[in-house]
Amino acid sequence: SLSSKARLAADAARNLLPQMIGNGVFILIVSALVDRYRMRWIVPVAMVQLAFTIWWGFNLDVIDSLVLFGISFGMATGVFFGYALAALPKYFGTKHVGEIRGTFGAITMATAAFGPIVFEIFQENSATALIVITAVAAVAISIASLVIRWPKEMNSLETSPVMELPTVGRG
């Protein structure tokens with residue numbers, strides 16, 4: 001199990017770097033691809049990757065590497081996050097892109113903060129239940145991503161009026 005592999009805080013900290021590398025690399029790759037192509041398949045791929053990684057977290061004995069697990073987890077979150085960052089303006093325009101991305105980012109950070117707690121609770125009680133819940137959610141999200149219609153092209157220059165800020169300093 002993950003907790004028996006990462007008994008020390010240092011082990012957990014060493015796992016964070018591979019996660020960040022996988023996450024950062026896949027955010028860059030996927031967001032660049034989404035700008036060029038309508039990749040309806042990217043969400044199902046991200047969901048399969050995430051479900052696999054959740055399963056792997058409970059079965060580290062099968063592939064015994066915290067570094068590879070970290071990269072896999074980072075890839076899963078990076079693919080989804082990269083897609084969302086690039087796709088949100090396509091769905092909602094750029095008029096309120098700061099609010100939209102801010103809300104998405106806040107929700108993402110909250111789930112990242114509570115994820116390990118939920119993981120530990122299920123690890124102590126029923127890992128199978130979390131894997132099944134994750135798999136069902138992944139399938140539902142994948143199907144939804146394939147059947148929801150793409151938005152009509154939006155004007156990427158659509159912005160809110162610029163408010164003039166008062167000048168500060170000499171004057």
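1. In this predicted model, helix 4 bends by about 30° at Ala86. The kink falls shortly before a proline, Pro89. Just beyond the end of helix 4, Gly93 adopts a positive phi of about 80°.

2. The overall span of helix 4 may be checked against its residue count. The helix covers residues 66-92. With 27 residues at 1.5 Å a residue, a span of 39 Å is expected, and the end C-alpha atoms lie 38 Å apart, so the two values agree. The kink of about 30° at Ala86 should be read alongside that agreement.

3. As to the setting of this helix, the secondary structure of the chain consists of six helices and zero strands. Read from the N terminus, the order of elements is α-α-α-α-α-α. Of the contacts between residues at least 6 apart in sequence, 76% connect residues at least 24 apart.

4. The structure contains six aromatic pairs. One of them joins Trp56 and Phe69 in an edge-to-face arrangement, with 5.9 Å between centres and 85° between planes. This pair connects distant parts of the chain, since Trp56 belongs to helix 3 (residues 42-58) and Phe69 to helix 4, 13 residues apart. Both Trp56 and Phe69 are buried.

5. How are the rings of Phe80 and Phe104 arranged? Their centres are 6.5 Å apart and their planes meet at 40°, so the pair is classed as tilted; that class lies between stacked, under 30 degrees, and edge-to-face, over 60. The pair links Phe80 in helix 4 with Phe104 in helix 5 (residues 97-125), the two residues being 24 apart in the chain.

6. The two members of that tilted pair fall into separate burial classes. Phe80 has a relative accessible area of 32% and is therefore partly exposed. Phe104 has a relative accessible area of 18% and is therefore buried, because the cut-off for burial is under 20%.

7. Phe52, Trp55, Trp56, Phe69 and Phe73 make up one aromatic cluster. The edge-to-face pair of Trp56 and Phe69 has both its residues in this cluster. Phe73, another member, is located in helix 4. With a relative accessible area of 27%, Phe73 counts as partly exposed.

8. Which residues does Phe73 touch, not counting those up to four places away in sequence? The contacts are Gln19, Leu50 and Thr53. In addition, the C-alpha atoms of Phe73 and Pro18 are separated by 8.7 Å, although these residues are 55 apart along the chain.

9. Ser142 merits a separate remark. This serine lies in helix 6 (residues 127-147). Is Ser142 buried or exposed? Its relative accessible area is 11%, so Ser142 is buried. When neighbours within four places in sequence are set aside, Ser142 is in contact with Val43, Pro44 and Met47.

10. Two values for the whole chain complete the note. Buried residues account for 31% of the 171 residues. The exposed surface of the chain comes to about 11,100 Å², and carbon and sulfur atoms contribute 70% of that area.

Terms used
Residues are numbered from 1 along each chain as its sequence is written. This is a predicted model: local features need pLDDT of at least 70, side-chain atom pairs count only at pLDDT 80 or more; totals for chains, interfaces and linings use all residues. Side-chain values use heavy atoms; hydrogens and water are left out. Helices (H or I, at least four residues) and strands (E, at least two) are DSSP runs, numbered from the N terminus. Buried means under 20% relative accessible area, exposed over 50%, partly exposed in between (1.4 Å probe, protein chains only). The expected span of a helix is 1.5 Å times one less than its number of residues. The bend at a residue is the angle between axes fitted to the seven residues ending there and the seven starting there. Contact means heavy atoms within 4.5 Å. Accessible areas come from the Shrake-Rupley method with a 1.4 Å probe; for residues, only the protein chains shown count as cover.
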